[in-house]
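The exercises below each set a task and then work through it step by step. Please look over the sequence and the model before starting.

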Amino acid sequence: MKTVVCLSPGALELVERPLPQAAAGEVLLRVRRIGLCGTDMHIFRGTQPFLQYPRVMGHELSGEIVTAPEGSALAPGDQVYVMPYLSCGTCVACRQGKTNCCTNIQVLGVHRDGGMAEYLALPERFVFKTDGISLDDAAMLEFLAIGAHAVRRGGVRAGQKVLVVGAGPIGIAVALFARLNGGDVTVLDGRADRLAFCRTALGIEQTVAVDDEDKARLSALTGGEFFDVVFDATGNVKAMERGLEFVAHGGTYVLVSIVLDRISFADPEFHKRETSLLGSRNATAEDFRTVLAAMKAGHVPTGLMNTHRTTLAEFIDVLPRWMEPAAGVIKAIVEV
Ligand SMILES: [Zn+2]
Ligand SMILES: [Zn+2]
């Protein structure tokens, strides 16, 4: 089968590999769509430090069942999506249902080889029917589920003032689900094209460009009170530290980003707000179902989010170009 392997940072190769064998409890999946993610770009750049090369990328997956284990709810021919965070089911986090932060987590395409190939074998409990959505939409569930999870963590309620800092795909997902929860959403980003996307595709009218006046404008938008819930989706230390300034007294700060460095706050700023500080990692099966239901209800403009498209064979050539901000990629899909 054709497989794209990242041999080392900057080096992708299309190779032939033997068909994977489904072990007990596993399905064999014919991969049909792969969403391209910031994580994949980090792997290609060499800025994903916990990664062993060579690695097959690809964790935003949809496809068709080829074989399923005896007694499975899945059958050959079923269209499915993949929840790529393989969790152990027995650790302290899994026992609480928090499979998203399993202590033994194995993320497809990061800790073990992913789905940038024609076939993939994986445990059936991480594979779910698409339930009528298209294969394209099913390949977009994962990044949206990260946004839906963050919004659930932040407990966004109708009428709350919400700020999303960072309007990349994850920030866009957060903004979308915060608004679906009834939040009054503002987006802050340095890129005009991404703010324009939030206005035109998501209908979020309040967008603020990062500059010397941004804090004054955020203040003006909230009568000087700032925001009940602030989400950081920037992946930038300075932005993560600064975001605390935009949290209202009594408010919540949700860090969706991950950076390798330490982040720090002035304790008086943190304390005087009685800030609720939350991390948000990955997503659970419930979050995937939330996104799927929102898609079926027509609340997710997936057609506008899917800005770029290629094939497995052409992917190697287009990826370097798509990593340039000028390419304007929101979500690229690889067709297999
Ligand atoms: Zn992803
Ligand atoms: Zn676990």
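Are E60 and E142 buried or exposed? Both E60 and E142 are buried, where buried means under 20% relative accessible area, exposed over 50%, and partly exposed in between (1.4 Å probe, protein chains only).

Some conventions apply throughout. This is a predicted model, in which local features need pLDDT of at least 70, side-chain atom pairs count only at pLDDT 80 or more, and totals for chains, interfaces and linings use all residues. Residues are numbered from 1 along each chain as its sequence is written, chains are lettered from A and ligands numbered from 1 in the order in which they are written, and side-chain values use heavy atoms, with hydrogens and water left out.

**Exercise 1. Describe the site of the zinc ion (ligand 1).**

Step 1. List the donors, which are N, O and S atoms within 2.8 Å of the metal (3.2 Å for Na, K and Ca); water is not among the atoms, so sites may look incomplete. The protein donors are C37 (SG), H59 (NE2), E60 (OE) and E142 (OE), at 2.1 to 2.4 Å from the zinc ion (ligand 1).

Step 2. Place the donors along the chain. Their spacing is C-x21-H-E-x81-E. E60 in strand β4 and E142 in helix α4 (residues 141-154) are 82 residues apart, and the pair links distant parts of the chain. Helices (H or I, at least four residues) and strands (E, at least two) are DSSP runs, numbered from the N terminus.

Step 3. Classify the geometry. Four donors count as tetrahedral if all angles lie between 85 and 135 degrees; four count as square planar and six as octahedral if opposite donors are over 155 degrees apart and all others between 65 and 115; anything else is irregular. The four donor atoms around the zinc ion (ligand 1) subtend angles of 83 to 159°, so the arrangement is irregular.

**Exercise 2. Repeat the analysis for the zinc ion (ligand 2).**

Step 1. C88 (SG), C91 (SG), C94 (SG) and C102 (SG) coordinate this ion at 2.3 to 2.4 Å. Both C91 and C94 are buried.

Step 2. The donor spacing reads C-x2-C-x2-C-x7-C along the chain.

Step 3. Angles of 103 to 118° between the four donor atoms make the arrangement around the zinc ion (ligand 2) tetrahedral. For reference, the ideal angle for four tetrahedral donors is 109.5 degrees.

**Exercise 3. Which parts of the chain does the salt bridge between E64 and R32 tie together?**

Step 1. Apply the criterion: a side-chain nitrogen of Lys or Arg within 4 Å of a carboxyl oxygen of Asp or Glu. The structure holds 17 salt bridges. In the one between E64 and R32, the closest N and O atoms are 2.6 Å apart.

Step 2. E64 belongs to strand β4 and R32 to strand β3 (residues 26-36), so the bridge ties together parts 32 residues apart in sequence. E64 is partly exposed, with a relative accessible area of 23%, and R32 is also partly exposed at 23%.

Step 3. Turn to R309 and D136, whose closest N and O atoms are 3.1 Å apart in a salt bridge. R309 lies in strand β16 (residues 306-311) and D136 in helix α3 (residues 135-138), so this pair ties together parts that are 173 residues apart in sequence. R309 is partly exposed at 37% relative accessibility, whereas D136 is buried at 19%.

Step 4. Consider R273 and E269, which form a salt bridge at 2.9 Å, N to O. R273 is buried, at 7%, and E269 is partly exposed, at 31%. Salt bridges that share partners also join R33, D136, R309 and E335 into one network.

**Exercise 4. Which residues of the largest nonpolar core touch the most other members?**

Step 1. A nonpolar core is a set of buried Ala, Val, Leu, Ile, Met, Phe, Trp, Tyr and Cys residues joined through side-chain atoms within 4.5 Å. Of the 91 residues in the largest one, L144, F231 and M305 touch the most other members.

Step 2. Helix α4 gives the most to this core, with eight residues.

Step 3. A second, separate core has 14 residues, including L188 and F227.

**Exercise 5. Where is P54 found, and which peptide bond is cis?**

Step 1. P54 is in the loop between α1 (38-45) and β4.

Step 2. The Y53 to P54 peptide bond is cis, with omega near -5°.
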